[in-house]
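Please work through the following exercises with the sequence and the model side by side, and try each task before reading its solution.

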Amino acid sequence: MISQVASPKKLRIAVTFIGPLRPRLDVEILEPWQSNFFDIENLSAIDELSLPEPGCGRTNYSDDDLDELLTKPDGYDILVAIIDAPLEDEYYMRRLKGNRVVISVYDIAPLLIQHGYSFNAFVYRNLYQLLVAFHASSNSLPPTTKEKLAHTPTRGCLFDWNDNKQDILNSLDHPSVCRVCEERYVKGGPLASHLSELRSELYRIQRPAHVRGLEWLNRKIARHPWLTLGVAVLGG
């Protein structure tokens, strides 16, 4: 008898904010996102007054600091907490035990603002990484201290290491699951028969239309300098 792989369960992902984000991000809740793989539900933010200073005179938050602060509510598969502060070992995402995750925009926010990427796209990209890892690890996210999931070659993949934070931009415009990660995390699992659907959802993660339009116009002007005059006339 040929064994059948079960379809992936649709995850319930709870999202909360720890303290405020910098003003230019101007985000209070994560926008709705249509996915057949997970639902996002916004929880009440953890007030800045409830956020203690990092321990031992540090400026970054350790896993232990955050472990005491975060509790995953019943009924959710994953809790994602977003903070605008540095994390342990300069990571921008730390997986804690109990399917709890902390995402930091401390070093990422300036890149998003400078290059026209949306905050939501950055978070969605990471949620898909967690989705794939969750199913690959038998419905449980391995803590960062227990298992490394990312690879050092930068391929525009969900699992790029991104030690240089600038590299995160490579997987914020139509991100992918590279062939190596397909073999490692998808093949033989519940997402294997839904790979095309997963790719289709990832393709929807992209820069805002006005940024893409401006890049297209700049490329046209670079190839046809005479267009500069036309743009100036229209602008006038």
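The exercises below concern a predicted model, and each task is followed by a worked solution.

**Exercise 1. Locate Tyr 76, decide whether it is buried or exposed, and describe its contacts.**

Begin with the position along the chain: Tyr 76 sits in the loop that runs between helix H1 (63–67) and strand S3 (78–83). Next, take the accessibility: a residue is called buried when its relative accessible area is under 20%, and because Tyr 76 has a relative accessibility of 15%, it counts as buried. Then look for contacts, leaving out residues up to four places away in sequence: Tyr 76 touches Arg 12, Ile 13, Ala 14, Glu 41 and Leu 43. One of these partners, Glu 41, is also joined to Tyr 76 by a side-chain polar contact of 3.1 Å. Finally, compare sequence with space: Tyr 76 and Ile 40 are 36 residues apart in sequence, while their C-alpha atoms are 10.0 Å apart.

**Exercise 2. Treat Arg 94 in the manner of the previous exercise, and state which side chain makes a polar contact with it.**

Arg 94 belongs to strand S4 (residues 93–96). With the cut-off for buried set at under 20%, Arg 94 counts as buried because its relative accessibility is 2%. Its side chain forms a polar contact of 2.8 Å with the side chain of Asp 63. Beyond its neighbours within four places in sequence, Arg 94 is in contact with several residues, among them Leu 87, Glu 88, Arg 100, Val 102 and Thr 144.

**Exercise 3. Check the span of helix H3 against its expected value, and describe how far the helix is covered.**

Helix H3 comprises the 18 residues 119–136, and because each residue should contribute 1.5 Å, the expected span is 26 Å, in agreement with the 26 Å between its end C-alpha atoms. As for covering, 17 of the 18 residues of H3 are buried. Just after H3, Ser 138 adopts a positive phi of about 55 degrees.

**Exercise 4. Describe the largest nonpolar core and find which element supplies its largest share.**

The largest nonpolar core has 55 residues, and those with the most contacts inside it are Phe 38, Val 80, Phe 119 and Phe 122. Elements that each supply at least two residues of this core include strand S1 (11–18), strand S5 (100–104) and helix H5 (195–203). The largest share, 12 residues, comes from H3. Turning to Phe 122, its contacts beyond four places in sequence include Tyr 92, Ile 103, Leu 112 and Ile 168. A second, separate core of 15 residues includes Ile 46, Tyr 61, Leu 66 and Ile 83.

Key. Residues are numbered from 1 along each chain as its sequence is written. This is a predicted model: local features need pLDDT of at least 70, side-chain atom pairs count only at pLDDT 80 or more; totals for chains, interfaces and linings use all residues. Side-chain values use heavy atoms; hydrogens and water are left out. Helices (H or I, at least four residues) and strands (E, at least two) are DSSP runs, numbered from the N terminus. Buried means under 20% relative accessible area, exposed over 50%, partly exposed in between (1.4 Å probe, protein chains only). Contact means heavy atoms within 4.5 Å. A polar contact is a pair of N or O atoms within 3.5 Å; within protein, one must be able to donate a hydrogen and the other to accept it, and residues adjacent in sequence count only if both atoms are side-chain atoms. The expected span of a helix is 1.5 Å times one less than its number of residues. A nonpolar core is a set of buried Ala, Val, Leu, Ile, Met, Phe, Trp, Tyr and Cys residues joined through side-chain atoms within 4.5 Å.
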